[in-house]
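Please open the structure in your viewer and keep the selection panel at hand. The tour goes from one selection to the next and says what is there at each stop.

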Amino acid sequence: MDAEAVPQRQLVRLRGRSYVAFVFSPTVPIVGWLEEIDATLARSPGFFVGKPVVLDLSALALSQSAIAHLVKSLEDRNVRVLGIEGVDASLLTTSMPPMLSGGRHCVLEQTETKKPEAKPQPTSLLLEQPVRSGQSVVFTEGDVTVLGSVGSGAEIVAGGSIHVYGTLRGRAMAGVNGNAAARIYCQKIEAELLAIDGYYQTAEDINATLRNRPAQAWLDGDIMRITPLN
């Protein structure tokens with residue numbers, strides 16, 4: 001009689017996925033900080049819609065009730081808080097967003113064989129087609145270059161600089177990993193929002209004399225400068 005076949009163990013494969021989240025670092029007075037959020041929403045009402053937000057409270061000393069009130073105030077403004085960091089976990093109740101720590105998560109995969117050596121990751125992304133309205137391109141490893149235009153409502157997020165060889169009408173966020181040396185270049189500036197390392201300007205902030213002209217955006221300390229591109 002044949003021996004009973006022993007079923008092979010099924011390996012569990014886990015996959016991680018990273019998302020770009022805004023990190024809010026409130027300052028005191030909280031009321032004044034919320035007024036700045038209101039001003040941003042007044043200029044760009046849909047800017048935070050569908051975008052996860054992490055609340056960094058490491059610079060503050062808030063009570064449990066104050067944290068709950070702050071989260072509720074943001075939710076009332078349709079700002080979705082994905083998690084909280086920089087506080088003692090005992091201050092967070094089950095009704096609050098969870099405690100977060102660390103940055104991007106990598107892919108986890110269980111295997112019984114030796115993994116091949118990882119291939120070098122590209123440090124730039126080239127887009128040969130226009131980025132159309134509603135599209136979102138996220139490349140946190142380096143620069144993003146668009147050979148065409150970026151449509152209204154589109155979004156480019158880069159760890160390095162952003163180069164647009166056409167018209168930039170949407171949102172461009174460079175240096176999202178803390179790269180203050182990143183820049184944004186475009187052949188025609190009609191942007192809804194420009195941001196570098198968390199500092200930003202909306203369409204209303206951009207000098208009207210720069211409109212429809214080649215321009216570059218860069219950081220001078222904590223001030224964003226937008227100048228003609230000669």
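How far apart are the end C-alpha atoms of α2, and what should its 13 residues span at 1.5 Å a residue? Keep in mind while you look that this is a predicted model. Select α2, residues 64–76, and compare its two ends: the end C-alpha atoms are 18 Å apart, which agrees with the 18 Å that the 13 residues should span at 1.5 Å a residue.

Stay with this helix and show the side chains of Ile-67, Leu-70, Val-71, Ser-73 and Leu-74, which are buried in α2. If you look down the axis of α2, these buried residues fall within an arc of 160°, so they line one face of the helix. Now turn to the other side of α2, where Ser-65, His-69 and Asp-76 are exposed. To see what the buried residues of α2 pack against, add β1, α1, β2 (53–56) and β3 (81–85) to the selection. Just past the helix, pick Asn-78, which follows α2 and has a positive phi, near 60°.

Next, select α1, residues 30–43, a helix of 14 residues that reaches 20 Å from its first C-alpha to its last, close to the 20 Å expected at 1.5 Å a residue. Among its side chains, show Trp-33, Leu-34, Ile-37, Thr-40 and Leu-41, which are buried. Seen down the axis of α1, the buried residues fall within an arc of 110°, so they line one face of this helix. The face turned away from that buried side carries the exposed residues Val-31, Glu-35, Glu-36 and Ala-42. The partners of the buried residues of α1 are β1 (22–24), α2 and β12 (199–202), against which they pack.

For a stop in a strand, select β5, residues 136–139, and find Val-138 within it. Is Val-138 buried, exposed or partly exposed? Val-138 is partly exposed, because its relative accessible area is 43%, and the cut-offs are under 20% for buried and over 50% for exposed. Add Ile-156 to the selection: it lies 18 residues from Val-138 along the chain, and the C-alpha atoms of the two are separated by 6.1 Å.

Finally, zoom out to the whole protein, which has two helices and 14 strands. Buried residues make up 36% of its 230 residues. If you switch on a surface display, the protein exposes about 14,200 Å², of which carbon and sulfur atoms supply 52%.

Conventions: Residues are numbered from 1 along each chain as its sequence is written. This is a predicted model: local features need pLDDT of at least 70, side-chain atom pairs count only at pLDDT 80 or more; totals for chains, interfaces and linings use all residues. Side-chain values use heavy atoms; hydrogens and water are left out. Helices (H or I, at least four residues) and strands (E, at least two) are DSSP runs, numbered from the N terminus. Buried means under 20% relative accessible area, exposed over 50%, partly exposed in between (1.4 Å probe, protein chains only). Accessible areas come from the Shrake-Rupley method with a 1.4 Å probe; for residues, only the protein chains shown count as cover. The expected span of a helix is 1.5 Å times one less than its number of residues. The arc is that of the directions from the helix axis to the C-beta atoms. Contact means heavy atoms within 4.5 Å.
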